[in-house]
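Me: I am new to this structure and would like to go through it step by step. Could you answer my questions with the reasoning spelled out?

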Amino acid sequence: MYFFDNIVDNIWEILLDFFELFLVVATIAIVFLYFYDKYIQRQHSLLINYPVIGRFRYLFEALREPLRQYFAEETFYDSKDKIDWVYTAAKDKPNYQSFSVSQPFGGSRFVIKHASNVLNNDEVDDDMSVVFGEDREHPFISKTPIIRSAMSDGALSPEAVRAFSLAGKNSDLTINTGEGALTSNHLFTLKPDIKNDKYLEIVKSTPLAEFAFKIGDKLFNRKIALKWYRNILLKGKTRNTYIYDTTSHVLFRVKWDAPLEAFPKKIPQSLPNMIFQMSSGLYGVRDKDGNFDEEKYQKVMRFCRMTEIKIAQGAKQTGGKLAGTKVTADIAYYRGVEEGKDIFSPNRFPYADTTEHLLDFVEKLQKLSGKPVGFKIVVSDAASVEELAQAILQRKKEGKNIPDFITVDSGEGGSATAPLELMESVGLTTNNALYLLDTIFKKYEIRHNIKIIASGKILTPDDAIITMCMGADAIGIARGFMMSGGCIRARMCSGFGSHVCPVGMATQDEKKRASYLVIKKGLEIGNYHKNLIKSMKVVLAVMGVKNISELEKSHLTFKNRNGEIFFDIDKYFHQKLHI
């Protein structure tokens, strides 16, 4: 007993000594900081007048954003409940709310009309597919109306792109590549035929690489094992552009200089359905001089179902931006740019000087690929939509090709890297823009020829159903899929600040990326997609609607913040938009 008491006393004395040392060091540090702030630094007036204590201002400012989402009321979406729905759906847990919503809807909103005699869930059609480009040689049938909106490899980490590709393959989710080109990471699920796939660069294993892989896998984890394996087999900065195939145990990437005839004539079944996005930078389909490369485009389209030309996106009325900190050797390889330098794409798409010029280029891509082609816009004005509709109608009369789809995006920010002066100040919200596009295209009798994909602040099943009632044929979702993949909305995505994405999802920082769990997050992204579709069917049942093709504006009521009710939302919009 005495021995035990003696040990406790010794530990206590050590702790006291440590505490005393800590107080002395802290006091010296505070005194030094006081003199530094007061008499040496000349960057901050606040610290001259309030040395030491003035630093709490910068501390609280740094903590404000990370803590905002946990303690403040949700102001960007309708309620915090919507955010919680996404995370719960990703975990594939029951998504029921008790008592009431935690943050009631106080402003204007759409109300979904329920049927007098609702349907049972099994009476709702399981077929929720959407067909794009029915007149093309190779139409695209998206198995669900949900599309993961454009997010580029580069803006996202390689691991996040792989997780999305895995989710796309496993849950029939259609993936938009984003403007950063079709990369090796999009082909993460590809199962190469070592003997016959002449379009691939294939690196086979060696005894040393095998040994290192087994040791790394046994003692640590698969990620470390693959890192050792890749470093032994490959040299050079772009070794991470090779994908590891678990079946054949080889590393591979596309051999873009292989002849077009070597590329698969049909999209490999092991890949997810992908939409190739082409931006003003023409990344992934440009030659050494930065001009459009027709053959490279045809090669890319051997892996993708259709093409989306990016004219505008959210707050990006300017060209896309990628911080130099994100332009790694891999990203430079994919995009054909210089490593480590900021990428500022041109504001105007090079083949869209006029509306007719753009439509001609759409037709050119349709003929090169034999697949659906459309473009992404943000709407600010009814007159511009009228002009577009007139141009399309004229081409239709002349027997020329017209776009297979148009993606309309919300002007409400939504980009990780966009000028603040454009966010919220350029472009209409999704529902207003969608109403204009749908109404005006019907007026010119071209609506049935062109599918509309709508995106912007859509998170939950009711959001998707309301948007489809407003006229959308398919829904583009970015933020919801980001959150389902682990995003905590820290708002450190751009790469231009001093901090980076803390979960390794929207950064090229190797240490942060190493923590991202590709397989786990791929499963959770797929869960979110599956639960969206499942719950959309529940909403359809309550509406008495058997298939998404039956959705229309008459299924909605609108209540404004003054309490006025519009059972006919056409009357509301005609009064609001003055069209």
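Reply: A residue counts as buried when its relative accessible area is under 20%, as exposed when that area is over 50%, and as partly exposed in between. Please keep in mind that this is a predicted model.

Me: Is tyrosine 297 buried or exposed, and what is its relative accessible area?
Reply: The cut-off for a buried residue is a relative accessible area under 20%. Tyrosine 297 falls below that cut-off and is therefore buried, its relative accessible area being 0%.

Me: Which residues, beyond its neighbours within four places in sequence, is tyrosine 297 in contact with, and which of them forms an aromatic pair with it?
Reply: Once the neighbours within four places in sequence are set aside, the contacts of tyrosine 297 are Phe276, Met278, Val285, Phe292, Thr307, Leu365, Leu368, Ser369 and Val373. The whole structure holds 29 aromatic pairs according to the search. In one of them, tilted with 5.7 Å from centre to centre and 55° between the planes, the partner of tyrosine 297 is phenylalanine 292.

Me: Why does phenylalanine 292 count as buried?
Reply: A residue with a relative accessible area under 20% is classed as buried. Phenylalanine 292 meets this condition, because its relative accessibility is 10%.

Me: Which residues have the most contacts inside the largest nonpolar core, and which helix gives the largest share of this core?
Reply: The largest nonpolar core is made up of 124 residues, and those with the most contacts inside it are Met278, Tyr297 and Phe441. Ten residues of this core, its largest share, come from the helix spanning residues 518-543, which is α16.

Me: Which residues are among those in another core that lies apart from it?
Reply: The other core has eleven residues and lies apart from the largest one. Among its members are Val203, Phe213, Tyr229 and Tyr242.

Me: Where does phenylalanine 213 lie, and which residues does it touch beyond those up to four places away in sequence?
Reply: Phenylalanine 213 is part of helix α6, which covers residues 207-219, and with a relative accessible area of 6% this residue is buried. Its C-alpha atom is separated by 6.5 Å from that of tryptophan 228, although the two are 15 residues apart along the chain. Leaving out residues up to four places away in sequence, phenylalanine 213 touches Arg222, Ala225, Leu226, Tyr229, Tyr244 and His249.

Me: How many residues apart in sequence are the parts tied together by the pair of phenylalanine 349 and phenylalanine 361?
Reply: Phenylalanine 349 and phenylalanine 361 form a tilted aromatic pair, with 5.6 Å from centre to centre and 55° between the planes. Both partners are buried, phenylalanine 349 at 3% relative accessibility and phenylalanine 361 with a relative accessible area of 4%. Phenylalanine 349 belongs to the loop between β12 (343-344) and α10 (355-369), while phenylalanine 361 sits in helix α10, so the parts that the pair ties together are apart in sequence by twelve residues.

Me: Which residue lies over the face of tyrosine 283, and at what distance from the ring centre?
Reply: An arginine counts as sitting over a ring only if its CZ atom is within 6 Å of the ring centre and within 35 degrees of the ring normal. The residue placed in this way over the face of tyrosine 283 is arginine 335, at 5.0 Å from the ring centre.

Me: Which helices are tied together by the salt bridge of glutamate 294 and lysine 364?
Reply: In this salt bridge the closest N and O atoms of glutamate 294 and lysine 364 are 3.0 Å apart. Glutamate 294 is partly exposed at 35% relative accessibility, and lysine 364 is partly exposed at 33%. Because the two residues lie in different helices, the pair ties together parts that are 70 residues apart in sequence, namely α8 and α10.

Me: Which residues are joined into one network by salt bridges that share partners?
Reply: Glutamate 363 and lysine 367 meet in a salt bridge at 3.6 Å, N to O, and both lie in helix α10, four residues apart, which is about one turn of the helix. Glutamate 363 counts as buried at 12% relative accessibility, whereas lysine 367 is exposed with a relative accessible area of 61%. The network joined through shared partners consists of Glu356, Asp360, Glu363, Lys367 and Arg395.

Conventions:
Residues are numbered from 1 along each chain as its sequence is written. This is a predicted model: local features need pLDDT of at least 70, side-chain atom pairs count only at pLDDT 80 or more; totals for chains, interfaces and linings use all residues. Side-chain values use heavy atoms; hydrogens and water are left out. Rings of Phe, Tyr and Trp (its six-membered ring) pair if their centres lie within 6.5 Å; planes under 30 degrees apart count as stacked, over 60 as edge-to-face and the rest as tilted. Buried means under 20% relative accessible area, exposed over 50%, partly exposed in between (1.4 Å probe, protein chains only). A nonpolar core is a set of buried Ala, Val, Leu, Ile, Met, Phe, Trp, Tyr and Cys residues joined through side-chain atoms within 4.5 Å. Contact means heavy atoms within 4.5 Å. A salt bridge is a side-chain nitrogen of Lys or Arg within 4 Å of a carboxyl oxygen of Asp or Glu.
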